[in-house]
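Me: I'd like to learn how to read a model like this one, feature by feature. Can we walk through it together?

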Amino acid sequence: MKDSIKVGVIGATGYVGIELIKILSKHPKVKVLYLCAQKSIGKSISNFDKNIKKKSLPRISKINKIDWKKIDVVFSALPNGEAQKISKIIPENVKLIDLSADFRLNNHKTYKEWYGIDHKAKNLIKHSIYSLTEFSKNKIKKYRIISCPGCYPTSIQLPLIPLIKNKMINIKNIIIDSKSGYSGAGKNAERKFSFTNIYNTISAYGVGLHRHMPEIDQELSKISKKKVRIFFTPHILPMFRGILSTMHLEISGNNSAKKIYSYLKKYHKKNFFIKIAKFNSSLSTGDVINTNFCKISVCKDRVNNKIIIISVIDNLIKGASGQAVQNMNIAFNLNEKIGLS
Ligand SMILES: NC(=O)c1ccc[n+]([C@@H]2O[C@H](COP(=O)([O-])OP(=O)(O)OC[C@H]3O[C@@H](n4cnc5c(N)ncnc54)[C@H](OP(=O)(O)O)[C@@H]3O)[C@@H](O)[C@H]2O)c1
């Protein structure tokens with residue numbers, strides 16, 4: 001392995017970009033060479049977060065200032081629709097780790113249907129991998145584009161994929177209620193949620209048609225080899241960060257809540273960043289804030305064949321920047337924990 005991985009971060013001044021910089025600037029195997037945004041050109045990144053030590057970090061520049069020969073990997077924390085444009089100018093030997101939805105959906109028609117954008121790099125979709133690290137560790141290295149899952153899908157798939165793989169739940173009846181802090185909508189959250197006062201109310205949004213639905217359906221369908229369509233309602237809460245997803249599930253076969261708990265505990269034993277809480281325990285986002293951990297609890301329902309699974313993550317870390325760095329670590333033959341634990 002080389003001495004250090006040379007990195008660029010695009011979308012450096014957004015909520016996710018800032019978290020990425022906090023992690024990457026302390027990562028012992030990384031050297032950050034470019035921090036790019038649209039505005040604030042020439043400014044120091046510490047103007048955006050005083051906790052970031054500006055020493056050895058470059059000033060903010062435009063994307064077209066990147067000398068691609070100098071870097072090994074670029075993280076894109078741009079809004080949807082932007083990374084696909086840039087992907088076309090990135091040389092093949094430079095990895096793109098994208099945090100937007102641009103390469104999450106395998107079918108460009110589905111992408112257009114949900115994001116309203118005609119995909120600008122359709123021929124590159126096959127060179128990308130949807131990488132929720134816990135399930136893709138053995139495959140990441142082969143791909144030049146690493147697409148990080150959405151924040152809600154991360155909290156939901158970490159418990160559901162093992163259970164679907166092992167046929168322990170009814171795939172026709174997956175009901176998910178998720179709650180997120182307003183940072184989930186980026187630094188322009190107020191504009192995106194102009195119908196409500198995000199600092200004083202809780203609001204349901206994207207009801208019946210949230211953009212994370214096709215992504216979750218796609219990944220769960222791959223596992224079950226049958227078409228899965230989840231029921232999902234997200235909510236925005238008057239807190240800055242954190243996601244809590246509550247999943248109402250029907251047990252299949254002769255399984256039980258206890259068996260599901262034991263299986264999940266065994267399955268995730270090898271996954272450092274996944275913690276299974278004590279059976280039947282309650283969880284809060286406070287358990288995982290500022291960490292790359294996902295904590296999962298399996299709870300009994302009063303109805304025999306039902307269970308409730310709760311999952312919590314920090315949307316800006318395990319749901320975005322932390323997961324992206326975890327993916328990078330694996331892609332560059334490092335221990336997944338480096339810079340994250
Ligand atoms: N927030 C979350 O919890 C979360 C979780 C998972 C994934 N994501 C995804 O991660 C991406 C970033 O999210 P975010 O919440 O950090 O958004 P954000 O706070 O709105 O930040 C967006 C960043 O992109 C830059 N940018 C926008 N348009 C640009 C352009 N045309 N050229 C160069 N820079 C541009 C902005 O810089 P300027 O201010 O200079 O325009 C800013 O640095 C999004 O795709 C989002 O869906 C977010």
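Me: Which helices each supply at least two residues of the shell around the ligand?

Reply: Some ground rules come before that. This is a predicted model, where local features need pLDDT of at least 70, side-chain atom pairs count only at pLDDT 80 or more, and totals for chains, interfaces and linings use all residues. Numbering starts from 1 along each chain as its sequence is written. Helices are DSSP runs of H or I with at least four residues, strands are runs of E with at least two, and both are numbered from the N terminus. Here, α1 (15-24) and α9 each supply at least two residues of the ligand shell. With 3 residues, α1 gives the most.

Me: Which residues come nearest to the ligand?

Reply: A residue counts as near a molecule or strand if its C-beta atom, placed from the backbone, lies within 6 Å of it. There are 30 residues around the ligand, and G11, G14, V16, S100 and G186 come nearest.

Me: How do the residues of that shell divide by type?

Reply: The classes are simple: Ala, Val, Leu, Ile, Met, Phe, Trp, Tyr, Cys and Pro are nonpolar, Asp, Glu, Lys and Arg are charged, and the others, Gly among them, are polar. The shell holds 12 nonpolar, 15 polar and 3 charged residues.

Me: Where does the ligand lie relative to the domains?

Reply: Start with the split, whose bounds come from an automatic or database domain assignment. Domain 1 covers 5-149 + 319-331, and domain 2 covers 152-315. Both domains give residues to the shell around the ligand, so the ligand lies between them.

Me: And how far apart are the centres of the two domains?

Reply: Taken over C-alpha atoms, the centres of domain 1 and domain 2 are 25 Å apart. For the contact, two residues count if their C-beta atoms, placed from the backbone, lie within 7 Å. Domain 1 puts in 19 residues and domain 2 puts in 21. On the domain 1 side, α3 (108-115), α4 (133-136) and α9 (317-331) each supply at least two. The largest share of that side, 5 residues, is from α9. By type, the domain 1 side has 10 nonpolar, 7 polar and 2 charged residues.

Me: What is the strand order in the open sheet?

Reply: Strands pair if DSSP finds at least two bridges between them. The open sheet of 7 strands runs β3-β2-β1-β4-β5-β7-β6, with parallel pairing. Its edges are β3 (60-61) and β6 (128-130), each paired on one side only. Further in, β1 (residues 5-10) and β4 (residues 73-76) pair in the parallel sense over 4 bridges. G8 sits opposite V74 in β4.

Me: How compact is the chain?

Reply: The chain's secondary structure comes to 9 helices and 14 strands. Its radius of gyration is 20 Å, close to the 20 Å from the globule rule for 341 residues, so the chain is as compact as a globular protein of that length. That radius is taken over C-alpha atoms, and the rule is 2.2 Å times the number of residues to the power 0.38.

Me: Is K225 buried or exposed?

Reply: Count other C-beta atoms, placed from the backbone, within 10 Å of the residue's own: 20 or more is buried, 12 or fewer is exposed, and in between is partly exposed. K225 has 8, so it is exposed. This residue, in the loop between α7 (212-224) and β10 (231-237), has a positive phi near 60° without being a glycine.
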